[in-house]
Amino acid sequence: MSRKSAVAQPLIAQQELVAARARIAPLIRTTPLLYAEALSGRVGAEVYLKLETLQATGSFKVRGAANKLLSLAAEARARGVVAVSTGNHGRAVAYVAKRLGVRATVCLSREVPRNKVAAIEALGARLVIRGDSQDEAEAAARELVEQGGLTLVHPFDDAQVIAGQASLGLELLEQVPGLDAVLVPLSGGGLLAGVALALEAAKPQLRVVGVSQEASPVMIESLSAGRPLELPERATLADSLRGGIGLENRYTFALVRELADETLRVPEAAIAEAMRFLLETEGLLVEGAAAVGVAALLERRLELSEKVAVILSGRNLGLDQLAALLRPEEGAG
Ligand SMILES: *Cc1c(COP(=O)(O)O)cnc(C)c1O
């Protein structure tokens, strides 16, 4: 493979991003961007928060899921879809499937928090709970694809899913001109790849920064190794960032390598602190995965830019997780 733009960029053309945004518009919300007064003062920059916490299903995942399902041929739609998920993707697929009248099956590991499992069930999807890791749940989904003819809706490594997530970047471009940096939570890399593709026009002034949890930053380790790696999964407050990138990764590894200007990792304590900070200063409830960008700012893990947008990627936090967060001395946080 030759390097850089010659490889990754033609994988998903700009027109496809624009088409995806129009396609999914009836199913998703354009989310607000909020100027964060207290945070800006604290870090000495102009900080804006992109509130995917207000997105349908409580996370950005519905953007990619909607584009994927709407792009399927009628025949594939009739057979149904299957998703593997740490929770939010499954909920997004179940939501879109319900709206479109498509049958959905969602494969989860036993580690997925209860509130997320309940939300998926409430949307009428069939649940398959298997194993203690994302990889085991994924094996269950592969079986359903091979035996049942279902179409797999991958949570990140899919051109249509990435094009759907890009709609968030297109919104950002319109909402705040002249951005210097965007902080994006980074796990499988679908969100970062999509947003960075959408923001291409604003580069090189604009830096795209991926932020992972220190517990198992699979994409970051893979980038250092120069190839997709598998790491053991560890418990984290950022449960939506769990899971690998796939040893056979097709899109996101190349796109993130190409398009992320910087990546960094934040420890668990900083994620908890960022969640409390957002609740206290902005009245915003975010889940752990969504707090990593603010954690990076509060910890001063990156060189400051003047105008920064932080993607608050989701809000699906269980009440038990919230209780633990607010009483850190009693553990679990
Ligand atoms: C899935 C998810 C992420 C990470 O997205 P990737 O495309 O896997 O990098 C971040 N935050 C939330 C809330 C998510 O659900």
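Guide: In this predicted model, a polar contact means a pair of N or O atoms within 3.5 Å.

Visitor: What makes the S313 and ligand pair a polar contact?

Guide: A polar side-chain atom of S313 sits 2.6 Å from a nitrogen atom of the ligand. The cut-off is 3.5 Å, so the pair counts.

Visitor: Which backbone atoms pair with an oxygen atom of the ligand?

Guide: G189 brings a polar backbone atom to 2.8 Å from a ligand oxygen, and for G190 a backbone N or O atom lies 2.9 Å from an oxygen of the ligand. With 3.5 Å as the limit, both pairs therefore pass. As for cover, the protein hides 98% of the 380 Å² of accessible area that the ligand has on its own.

Visitor: Why are K61 and S187 said to be near the ligand?

Guide: Near means having a heavy atom within 4 Å. There are 16 residues around the ligand, and K61 and S187 are among those that come nearest. That shell splits into six nonpolar, eight polar and two charged residues.

Visitor: How do you know which space the ligand takes?

Guide: The test asks for more than half of its atoms within 2 Å of the grid points. By that test, the ligand's space is the largest pocket, which holds about 770 Å³.

Visitor: What makes up the lining of the largest pocket?

Guide: Its 47 lining residues include H154, P155 and F156 among those nearest the centre. By class, the lining has 15 nonpolar, 20 polar and 12 charged residues. Helix 8 gives the most, with four residues.

Technical notes:
Residues are numbered from 1 along each chain as its sequence is written. This is a predicted model: local features need pLDDT of at least 70, side-chain atom pairs count only at pLDDT 80 or more; totals for chains, interfaces and linings use all residues. Side-chain values use heavy atoms; hydrogens and water are left out. On a 1 Å grid over the protein atoms alone, a cavity is a set of points where a 1.4 Å probe fits but cannot get out, and a pocket is an open set with protein on both sides within 12 Å along at least five of seven lines; lining residues have an atom within 4 Å of a point. Grid points are joined across faces, edges and corners, and a volume is the space filled by probe spheres set on the points. Helices (H or I, at least four residues) and strands (E, at least two) are DSSP runs, numbered from the N terminus. Ala, Val, Leu, Ile, Met, Phe, Trp, Tyr, Cys and Pro count as nonpolar, Asp, Glu, Lys and Arg as charged, and the others, Gly among them, as polar. A polar contact is a pair of N or O atoms within 3.5 Å; within protein, one must be able to donate a hydrogen and the other to accept it, and residues adjacent in sequence count only if both atoms are side-chain atoms. Accessible areas come from the Shrake-Rupley method with a 1.4 Å probe; for residues, only the protein chains shown count as cover.
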